[in-house]
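Here is a friendly walk through one protein model, sheet by sheet and then on to its rings and its pocket. Have a look at the fold before reading on.

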Amino acid sequence: PRQPAKTLWYDRPRYVYLEFCIEDSRDVKVVIEDQRLVFSCKNADGVEFYNEINLYARVNSKDSREKRSDRSITCFMRKWKEKVPWPRITKENIKPAWLSVDFDNWRDWEGDEEVERAMVEQYAEV
């Protein structure tokens, strides 16, 4: 039986970020489509995780990536319409129990583009 991974998300002028909180993940698969993201993996105990998200708005799947660490898998998806805030990550106006806003990374956009560019470059280097 598979279960959804605990997921955090936050919004930036150019990208939307999703963090799937799975430690020691294996067999990670991330499929980013223009309006949908599908995530699956297993943890060290062999538990299967699966999340499917119909996205609030369109993303540029060719300019979207994921990065795996020991503690999580972070996806950053390039918005089709930059500088347009997303009020939520899901197309449907419902909040699944496994999905939360990442308040540690949520902030005003004022002067945030340089910070965001640095973050994306940092991810791209790995």
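In what sense do strand 2 and strand 9 pair, and over how many bridges? The two strands run parallel, and three bridges join strand 2 (residues 7–11) to strand 9. Please keep in mind throughout that this is a predicted model.

## The five-stranded sheet

Strands 2 and 9 belong to an open sheet of five strands, in the order 7-8-3-2-9, with mixed pairing. Strand 7 (59–68) and strand 9 (99–101) each have a single partner strand, so one side of each is left without a neighbour in the sheet. On average, neighbouring strands here are turned by 20° against each other, with direction ignored.

Two pairings show the mix nicely. At the strand 9 end, Trp 9 stands opposite Val 101. At the other end, strand 7 pairs with strand 8 (residues 73–79) in the antiparallel sense, over six bridges. A hairpin with four residues connects strand 7 to strand 8, and Asn 60 has Arg 78 of strand 8 as its bridge partner.

## The four-stranded sheet

A further open sheet, also of mixed pairing, holds four strands in the order 1-6-5-4. Its edges are strand 1 (2–3) and strand 4 (26–32), each of which pairs on one side only.

Going across from strand 4, we meet strand 5 (residues 36–42), an antiparallel partner joined over five bridges; Val 31 stands opposite Val 38 of strand 5. Strand 5 in turn runs antiparallel to strand 6, with seven bridges between them, and Ser 40 faces Tyr 50 of strand 6 as its opposite residue. The hairpin of strands 5 and 6 has five residues between the strands, and Gly 46 takes a positive phi near 85° there. Strand 1 completes the sheet by pairing with strand 6 in the parallel sense over two bridges, where Arg 2 has Glu 48 as its bridge partner.

## Two faces of strand 6

Which residues of strand 6 point to the buried face? Along residues 48–54 the side chains alternate: Phe 49, Asn 51 and Ile 53 point to one face and are buried. Glu 48, Tyr 50, Glu 52 and Asn 54 point to the other face and are not buried. Two residues of that second group, Glu 48 and Tyr 50, have already appeared above, as the bridge partner of Arg 2 and as the residue opposite Ser 40.

## An aromatic cluster

The whole structure contains seven aromatic pairs. In one of them, the ring centres of Tyr 10 and Tyr 17 lie 4.7 Å apart with the planes at 5°, so the pair is stacked. Both of these tyrosines are buried. Tyr 15 and Phe 76 make an edge-to-face pair, because their centres are 5.9 Å apart and their planes stand at 65°. This pair links distant parts of the chain, with Tyr 15 in strand 3 (residues 15–20) and Phe 76 in strand 8, 61 residues apart.

Tyr 15 is buried, with a relative accessible area of 5%, and Phe 76 counts as buried at 1%. Tyr 10, Tyr 15, Tyr 17 and Phe 76 together form one aromatic cluster.

## The largest pocket

Finally, where is there open space? The largest pocket holds about 200 Å³. Eleven residues line it, and Glu 19, Ser 69, Arg 71, Ser 72 and Thr 74 lie nearest its centre. By character, the lining divides into five charged, three polar and three nonpolar residues.

Note on methods:
Residues are numbered from 1 along each chain as its sequence is written. This is a predicted model: local features need pLDDT of at least 70, side-chain atom pairs count only at pLDDT 80 or more; totals for chains, interfaces and linings use all residues. Side-chain values use heavy atoms; hydrogens and water are left out. Two strands pair if DSSP finds at least two bridges between them. On a 1 Å grid over the protein atoms alone, a cavity is a set of points where a 1.4 Å probe fits but cannot get out, and a pocket is an open set with protein on both sides within 12 Å along at least five of seven lines; lining residues have an atom within 4 Å of a point. Grid points are joined across faces, edges and corners, and a volume is the space filled by probe spheres set on the points. Ala, Val, Leu, Ile, Met, Phe, Trp, Tyr, Cys and Pro count as nonpolar, Asp, Glu, Lys and Arg as charged, and the others, Gly among them, as polar. Axes are lines fitted to C-alpha atoms, for helices over the stretch in contact, and angles run from 0 to 180 degrees between N-to-C directions. Buried means under 20% relative accessible area, exposed over 50%, partly exposed in between (1.4 Å probe, protein chains only). Rings of Phe, Tyr and Trp (its six-membered ring) pair if their centres lie within 6.5 Å; planes under 30 degrees apart count as stacked, over 60 as edge-to-face and the rest as tilted.
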